[in-house]
Amino acid sequence: MSDQAAALREMISSLRSAPSRKPDSSEKTAHIIAVTSGKGGVGKSNFTLNFALELQKLGKKVLVFDADIGMANIDVLMGVRSQYNLFHLLKREKSMSEIIQSGPNSLPFIAGGSGMTELFSLSEDDLLHFTGQIEEIAQDLDYILFDTGAGLSKETIRFITASDECIVVTTPEPTAITDAYALVKVVHDLEHSASFRLVVNRALDRREAQQTADKIRLVAQKFLHLDIPVLGHVSDDPHVSQAVKKQTPFSIRFPNSQASKDIQELAFRYTQHSLQVRADSPKGIKGFVNRLLKR
C-alpha cells in the first residue's frame, strides 16, 4: 500500500509551489469526525485506530488526529514513536507535512501531546497559520478522525460541537452506558444541532449490542427528543487485548478475528450510508477551527 503520509507531504509541497488562487466554495474538504466516550477504558482509541485502517482499506484517505489532552496514546497502540506532535507545529518549529507521521499500513496520523493545550490559547496570527496548514491537507482527505479525551472535559466538548459529527463509543457496562448518555445530554443541551452515532464495543453478541444501544437511544428520544443512529458494534474478542499488548492494531494482527470482521462491517456501513451531517455543519476547516476555538 502506498505511503499516504508521504503522499500528503508531496501534495502540500505542490500546493505551496502552485500560484495562489481564491478558494472555491465547492472545493472538496475532509469530513470531520470526533470519536469520544463517556468514560475511559471503553476502547475508544483502539476503535478509532482500527476504524481508520478499515476506512483506508476501502479506498478512503484518512488522517487520525490524537486530540486526547494529557492521555494521548494512539502512537503507543501502533507501536510507533512520535518524533513530532502538534506542539511543534503551533510553535512553528515544524510544518504540517513534517508532523504527519506514518503508522501501520502507512496510516497518516498526528500526535497530540502538549500541543493540544497550546491549541486553545492561540493568538490571531497563530490561528491563521494553524488554519492554513490544516486547510492544505484537508483538500486531499476524505476523513479526519479526532480521537478526543474521554468524559466531559471542556476540550472534548469543543471538539464534539465543532465537528461534522460525533461517534460515541460505549460498552454494555452500566457505568459506560450512563456516562455515554450523560455526555450526549450535556453536548445536546449546549449545541442542539450536534450529530451523534453510537458504537457498542466489547459486546458479547449482536443482541447485547442492540440492547445496550437501545438503552441510550430510548432515553435520548424520551428526554432529549433526539434520535441517535447505531453505527454498529465490535465483539468482546480476546484477540483485541493480545494485539494491544503487541502494540499492533487487531485488524492487522488478527484480520480474521471476530472483532476485525465487526470493524470491517462497521466501516463499510459507514461509507455506504449518507452522512448524518449536522444542519449547521461548519463550512470547511476554517469553520471547524473557528467553532473549536470559539472565534
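Is Gln 247 buried, exposed or partly exposed? At 36% relative accessibility, Gln 247 falls in the partly exposed class, where buried means under 20% relative accessible area, exposed over 50%, and partly exposed in between, with a 1.4 Å probe and protein chains only. The model is predicted, so to speak of local features requires pLDDT of at least 70 and side-chain atom pairs count only at pLDDT 80 or more, whereas totals for chains, interfaces and linings use all residues. Residues are numbered from 1 along each chain as its sequence is written, and side-chain values use heavy atoms, with hydrogens and water left out.

Gln 247 sits in the loop between α11 (238–245) and α12 (250–253); helices here are DSSP runs of H or I with at least four residues, strands are runs of E with at least two, and both are numbered from the N terminus. Although not a glycine, Gln 247 has a positive phi of about 55°. Asn 105, also not a glycine, has a positive phi of about 55° and belongs to the loop between β3 (101–102) and β4 (108–110). Asn 105 is partly exposed, with a relative accessible area of 32%. As background, most residues other than glycine have a negative phi.

Turning to the interior, the largest nonpolar core has 34 residues, and Phe 47, Phe 51, Leu 55, Leu 145 and Ile 167 have the most contacts inside it. Such a core is a set of buried Ala, Val, Leu, Ile, Met, Phe, Trp, Tyr and Cys residues joined through side-chain atoms within 4.5 Å. Helix α2 (residues 44–57) gives the most to this core, with six residues. Another core, of 29 residues, lies apart from it and includes Ala 30, Ile 32, Ile 99 and Leu 141.

Helix α2 also packs against helix α13 (residues 258–272), at an angle of about 65° and with the axes 9 Å apart. Axes are lines fitted to C-alpha atoms, for helices over the stretch in contact, and angles run from 0 to 180 degrees between N-to-C directions. On the α2 side the contact (heavy atoms within 4.5 Å) is made by Phe 47, Asn 50, Phe 51, Glu 54 and Leu 55, and the α13 side includes Ile 263, Leu 266 and Tyr 270.

A second helix pair is formed by α7 (residues 124–138) and α14 (residues 284–292), whose axes come within 9 Å and cross at roughly 140°. Residues of this contact include Leu 127, Phe 130 and Ile 134 of α7, together with Ile 285 and Val 289 of α14.
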